Amino acid sequence: MNKIESKRHIVVGTAGHIDHGKSALIKALTGYDPDRLKEEKERGMTTDLGFAFLGNDVTIIDVPGHEKFVRHMVAGASTIDFVMFVIAADDGPMPQTIEHLEVLKLLEIRKGIIVITKKDLVKDDWLILVTNDIKKLMIGSFLENAPIVAVSNTTGEGIDNLKKILDELIAQTQAKKDRGIFRLPIDRCFTIKGFGTVVAGTVFSGKINVGDTLVLLPHNKKVKVRGIQVHNEKVMQATTGFRAAINIVGTEKDEIKRGDILAQPGYYEPSNFLNVSLYLLKSAEKPLRNLTRLRIHLGTKEILGRIVLLDKKTLQPGDKAMAQFRLEKPAVSDVGDRYVIRTYSPQTTIGGGSIIESKATKAKGFDEKLIEHLQKVETGDTVTMIEENLLANFEVPQKIDEIAHDLNLPPSEVRAIIDKMISENKAILLDKTRGLYYLQSNFGRLNAKILDVLTNYHKTNPTNIGIPNLELLKNINKAMDKSLMNYALDKMSKQKSIKTSDDNKISLFDFKVTLDKELDAAIKKIERLYLDAVYKPPSYDAVLEQKLGDEKTIKRAHRYMIDSGILISVGESIVFHHKYVAEAKENLIEYLKKNKEIRISQFRDMLGASRKYVLPLLIYFDTHDITIKRGDVRILGQKYR
Ligand SMILES: Nc1nc2c(ncn2[C@@H]2O[C@H](COP(=O)(O)OP(=O)(O)OP(=O)(O)O)[C@@H](O)[C@H]2O)c(=O)[nH]1
Ligand SMILES: [Mg+2]
């Protein structure tokens, strides 16, 4: 292990109006000029992000101040731990001072230091005035109580003092929280001769090792990590919070853009729909209307998309809403990621918030269930997220890996939470070998639904002994998982709330067919027919032709007799009285025990009926494992040997 790997890493950003001395400050602090592009040097203006190292474990990201480049500023600021907020003494607060402050607030940057530059250009009393202006501006923001340091980048005055305060702030800064699965939003990409493609960025979560296979998103391209550098030193591993330059194999520089994501395969997914919470700045001049086209700054990416307000018709400045972004190009994000929105044209920052669901499906406004769900998972609490995930899967039990994938969480963490839920009786392990889990409250709902369907079925079909398995499933939900249904039915049978007939008809446990007199009489007449016929039973049509009564009643009686097992349909439209099926079975078993095998002709002689009746019965015995067909003969089934 390299010494750097065990340390934490802090990313500091600059912010502030154009020409206020952000880049000069970095040079004064580190000796390194972050304006690396030729154009930047020529124009004396930062146009893109710049990077410099301070000591061993701090990276400073320099951002441009020009209003045209706010998108780069947002990309830079999205990964920082705290900010050096720069205001020139001679100018005082200016438009991008205010816009950058809003962006930082929306991104929920919580810490910072205010640096007043160009101290050498102003008199002391002016400096006091400017300082007071700045203090007023910061009231109510995270910078309200931040240290204020005045420096001159030109003379170096105050820089040592600033370094001291920076060191303290760095020591106080907490490392980024790690959600476990590796993700790095790319903010730079370049090639190095002899190495190939290198991407750089801040590790948002998880860790990577040299040799790992990763996926480049949203392209969905597999790449391999050939080497990692942190602070210009080769390392074997980079963890959450570190800025890393990663040499990857499997893609070309031209295919990669700022805003692309390097991730552990199998979790993060590009999505066109993001469910979010949104705050509209008080300074936004107009209410935000549904379906407004916006610029969404997420991670290091800018994407165009429309907003769908979920719980309001329009959003007033200073107000909050639940919303969905419908993006023009898919983006990769995770719960809790902060974003900023800017108007399409002219470009101004009007609001921001956090991602609640990064793999959402298309939503409509005022869907109460969805809003309630989003309010629950908004905090990013993993237990709640897993509960909600299971709750949403009413039809299908879930595997640990599926939940982990859905929520971008390590399977070990999901397993630990589910185990706890099981011990608290909140979840059930449905199938041990397949590892299927189901929410207890959904199981209660499913039980209630089954009872409901059965109650209704009995009401409309009082002479049917029960509902066929498949019909029950369809009545609950067509997408219902079969193994889940069987589990529920089995459990309910054991609890004696339902029962299942021999031919898989399900009824309430206490249900009894109510037979009226007419039906009862018809049953008796039909039964006589079948009893008399022995092994040459009448066909259904033949029964009807007997005109034993009103046709509707006869049909109902016949149906009931089959359902209740008085008659047994053996296939090929052949129906026997159950008494003869049982008798044939007994004789057959006895015969086979003695003679080992039987031919159809022998069975036919045994029953004294023709092949037309006998063969379906024999096949019926095959399917019930009483006999096994071996060429031209039948032998005894396993369980009767
Ligand atoms: N006298 C004086 N000049 C300064 C000081 N800091 C910066 N400057 C000058 O101010 C000009 C702008 O400085 P930069 O550091 O490029 O400003 P910036 O904030 O990075 O500007 P953008 O990146 O374009 O937003 C340069 O000419 C600097 O030399 C300072 O403390 N004193
Ligand atoms: Mg600059």
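The paragraphs below go through a predicted model, beginning with a metal site and moving on to two pockets and a helix.

The magnesium ion (ligand 2) has two protein donors, the OG atom of Ser 23 and the OG1 atom of Thr 46, which lie 1.9 to 2.1 Å from the ion. Ser 23 belongs to helix H2 (residues 22–30), whereas Thr 46 sits in the loop between helix H3 (38–43) and strand E2 (50–54), so the pair ties together parts that are 23 residues apart in sequence. Both Ser 23 and Thr 46 are buried. Because water is not among the atoms, a site such as this may look incomplete.

The largest pocket has a volume of about 1200 Å³, and its lining is made up of 37 residues, with Arg 110, Lys 176, Lys 177, Gly 336 and Arg 338 lying nearest its centre. Two strands, E7 (183–192) and E19 (301–309), are the elements that give two or more residues to this lining. Sorted by class, the lining of the largest pocket holds 13 nonpolar, 11 polar and 13 charged residues.

The second largest pocket contains about 940 Å³ of space and is lined by 32 residues, of which Glu 357, Leu 370, His 373, Glu 388 and Ala 392 lie nearest its centre. At least two lining residues come from each of strand E23 (349–357), helix H8 (368–377), helix H9 (382–392) and helix H10 (400–407), and the largest share, 6 residues, is that of H8. The lining of the second largest pocket comprises 11 nonpolar, 8 polar and 13 charged residues.

Helix H9, one of the elements that line the second largest pocket, can be followed further through its buried residues, which are Thr 382, Thr 384, Met 385, Ile 386, Glu 388, Asn 389 and Leu 390. Among them, Glu 388 is also one of the residues nearest the centre of the second largest pocket. The buried residues of H9 pack against H8 and H10, and likewise against helix H11 (411–423), strand E25 (436–439) and helix H12 (440–460).

Within helix H9, Asn 389 offers a closer view of this packing. Asn 389 has a relative accessible area of 9% and therefore counts as buried, the cut-off being under 20%. When residues up to four places away in sequence are not counted, Asn 389 touches Gln 398, Ile 403, Asp 406 and Leu 407.

Methods: Residues numbered from 1 in each chain as written. Chains lettered and ligands numbered in written order. Predicted model: local features only at pLDDT ≥ 70, side-chain atom pairs only at ≥ 80, totals over all residues. Heavy atoms only, no water. 1 Å grid on protein atoms, 1.4 Å probe; cavity = no way out; pocket = protein on both sides within 12 Å on 5 of 7 lines; lining within 4 Å. Points joined across faces, edges and corners; volume = space filled by probe spheres on them. Helix = DSSP H or I, 4+ residues; strand = E, 2+ residues; numbered from the N terminus. Nonpolar A, V, L, I, M, F, W, Y, C, P; charged D, E, K, R; others polar. Donors = N, O, S within 2.8 Å, 3.2 Å for Na, K, Ca; no water. Buried < 20%, exposed > 50% of the residue type's maximum accessible area, 1.4 Å probe, protein only. Contact = heavy atoms within 4.5 Å.
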